[in-house]
Protein chains: 2
Amino acid sequence: MRSSTARRRATIIDVASAAGVSRQTVSNVLNFPDRVRPRTRDRVLAEVDRLGYRPSTAARGLRNQRAGAVGLELNLPTCGSDIGPLVLGALTVRAPAHDVHLVPFGDAEVFPTVAAYRDMTRRHLVDAFLFADTHSGDPRPDWLLENEIPFAAFGRLYSHPELTCWADVDGHRGLELAVEHLVASGYGTVGYLGWPLHLEDPAVAEDRHRGWVDAATSLGVAGPSGVTDQQLGPAVEAADALLDELGPGDAVACASDLIALAVLYAAARRGLAVGRDLGVVGFDGSLVARRHGLTTVVQPYEDLADHLLRTVHDQLLDGTVPVAGALLDPTLAPSSSTDRESELTSYTPVPAPTRR
Amino acid sequence: MRSSTARRRATIIDVASAAGVSRQTVSNVLNFPDRVRPRTRDRVLAEVDRLGYRPSTAARGLRNQRAGAVGLELNLPTCGSDIGPLVLGALTVRAPAHDVHLVPFGDAEVFPTVAAYRDMTRRHLVDAFLFADTHSGDPRPDWLLENEIPFAAFGRLYSHPELTCWADVDGHRGLELAVEHLVASGYGTVGYLGWPLHLEDPAVAEDRHRGWVDAATSLGVAGPSGVTDQQLGPAVEAADALLDELGPGDAVACASDLIALAVLYAAARRGLAVGRDLGVVGFDGSLVARRHGLTTVVQPYEDLADHLLRTVHDQLLDGTVPVAGALLDPTLAPSSSTDRESELTSYTPVPAPTRR
DNA sequence: CTGAAAGCGCTTACAG
DNA sequence: CTGAAAGCGCTTACAG
């Protein structure tokens, strides 16, 4: 009997007849509980529970002309980045709370096109889209706007400064946290290693840089700064150059965990013990940071996921868009809380900061 | 006019009347092209194209009692691993070729339960499931089997040795490739750093170890071996111990890219230049390897995705399961092909192998 | 507060 | 080879 139950899932009709009501009443219990007398409601709910009834996504989608799904573009930059999996994981975990499920999609191409968006839309597979790695000349916002399809972006929409349907981590606040932590830990001068402003994400580079400038200046610890791109080799060279200008007991706040890793390498090269001779804080809360026991500014992945999902949900509901793009607060994770103690101290080249 | 077209998507009725046929004929053109006269078919197809018609996923799902979707569990091990994003990316890219879309799901918990599987199933959201990180005592295969729901696993199903619905990389072949490459590159003795057999994935550890044993023995280059878990700190210590037993011009084949990174660190610690004094090959083709310019055995992610998707598709179609679990062939990516030259040589502590 | 009816967009036997 | 009909499982006006 168990297997026959499993084979054919209960429908709304099964629940209705089991509870002795019409199926419209069951639908009301689920969608407009207030319309139904409490006693009836409880009886229906009990049967829903007993039969394990859940409305069919397909039937509901067909009737409501809404898929209850959000397309999530996964392209090379997303999959190849350190934070991609964290964003995806948070979106996946948070989606049910917003009554939607995610549908990832993407070709193997680097540069996103609208072809896949068009196809998903035509098949009514999703109601809205989420994407990241926006850039100038990005064809996606234009196409979505033109077709009146809700969307939200992780990261600023450079191609459309007037749009507000985006969310990002507050990089300025993040670097303030980093500098404050380094000062509180007893380091002296705090330098900065970030990105050049002409990179594809200038506002992010700018925010983080200014966060360091503001905090370091107001605390009177501002030191030298440098820029590098997001590749390890050049970053190590840039870190090396920066270390030339710092002394023992100084520190470096970094625009990313990868850059912080480069600082670790540059420090190892000259025999500096990170956490004792040199303070380092990364940015992202990525696997790289955890693995190397790095102190890092953690992006608020769940908040970001909630904001993005809420943004598309509101657009769907009544066309509402946020009044402004959202810059969400990060948190600082000292090395000890990002990983096991054993990993922090057990090998020489890239020890974690242990100074209090 | 453009926007009104965009607003209401074309249905099968629009295509039918535009082509001057009944909607059943349109359905036949799409689902059983052979049943329709070529001239009629072409006319219908032209209208499909002109109107941008695609069958509604919801309507089709409702009618066919099939969601056309595969649930993909994303749990902590998946999101936190180096290869998780690569597997996910490959599945996402390959899904359309198998006429399905993916629906990622998962709680924030480490240990998977069947609750989410049950919910997805009841809502008819997916027809089948894909998951990874199988382990002994895993409740998922039992539940899926009991409920006759198709599934396939990335990685062996340790809890059910009799099941064949899984695929994995051929670790034995991978380590043969690694050893052959090191020998061809002119290194002498080839050591091995892998995992202990009591880890959660003993067959994987065993396969890779034996691949090294077999290749190194038959080529007469077998050296010392060691084991470590997948944490960087202990891995560096294990690598260090292994290097004690190797001399200049020797090499280490590794069970993972992370372990290879640990070898890089241990080598840097004692001033060995990897690629000149010491050969190193990693395993996975992960971001870690690319970033550090490591030579690595690349997992066949697209083949794995195709195999898994085909496996659930066949189960859905006629209950067919593979005759055996699949061990798919990896490929070897020398450092020069995994990243830009600049990253390979520009910093000292962890240079890439450059020896021919 | 509850019930009978229509319809979302498809596909699949079933006649012709 | 093509057409009229039924029905997948829901929800939402609409009457009662």
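1. Which residues are closest to DNA strand C? Among the 27 residues that surround the strand, these are B:Ile12, B:Arg23, B:Tyr53, B:Arg60 and B:Arg63. A residue belongs to such a set if one of its heavy atoms lies within 4 Å of the strand. Of the atoms of DNA strand C within 4 Å of the protein, 63% belong to sugar and phosphate.

2. On conventions: this is a predicted model, in which local features need pLDDT of at least 70 and side-chain atom pairs count only at pLDDT 80 or more, while totals for chains, interfaces and linings use all residues. Residues are numbered from 1 along each chain as its sequence is written, chains are lettered from A and ligands numbered from 1 in the order in which they are written, and side-chain values use heavy atoms, with hydrogens and water left out.

3. Polar contacts to DNA strand C (a polar contact is a pair of N or O atoms within 3.5 Å; within protein, one must be able to donate a hydrogen and the other to accept it, and residues adjacent in sequence count only if both atoms are side-chain atoms) involve both bases and phosphate. A side-chain N or O atom of B:Arg23 is 2.6 Å from a base nitrogen of the strand. From chain A, a backbone N or O atom of A:Arg63 lies 3.3 Å from a base oxygen. A backbone N or O atom of B:Ser56 is 3.4 Å from a phosphate oxygen.

4. DNA strand D also has 27 residues around it, and A:Ile12, A:Arg23, A:Tyr53, A:Arg60 and A:Arg63 come nearest. Here sugar and phosphate make up 61% of the strand atoms that come within 4 Å of the protein. The side chain of A:Arg23 places an N or O atom 2.5 Å from a base nitrogen of DNA strand D. Phosphate oxygens of this strand lie 2.7 Å from a polar side-chain atom of A:Arg60 and 3.1 Å from one of A:Asn31.

5. Which helices supply the surface near DNA strand D? α3 (23-31) and α5 (57-64) of chain A and α3 (23-31) and α5 (57-64) of chain B each give at least two residues. Helices are DSSP runs (H or I, at least four residues) and strands are E runs of at least two, numbered from the N terminus. The surface near DNA strand D has seven nonpolar, 11 polar and nine charged residues. Nonpolar covers Ala, Val, Leu, Ile, Met, Phe, Trp, Tyr, Cys and Pro, charged covers Asp, Glu, Lys and Arg, and the others, Gly among them, are polar.

6. B:Pro55 sits in the loop between α4 (38-51) and α5 of chain B. B:Pro55 counts as buried because its relative accessible area is 19%, where buried means under 20%, exposed over 50% and partly exposed in between (1.4 Å probe, protein chains only). Leaving aside residues up to four places away in sequence, B:Pro55 touches A:Arg123, B:Leu30 and B:Arg60; contact means heavy atoms within 4.5 Å.

7. Chain A as a whole has 17 helices and 12 strands. Its C-alpha trace spans about 80 × 45 × 35 Å along the principal axes, and 55% of its 356 residues are buried. Among contacts in chain A between residues at least 6 apart in sequence, 68% join residues at least 24 apart.
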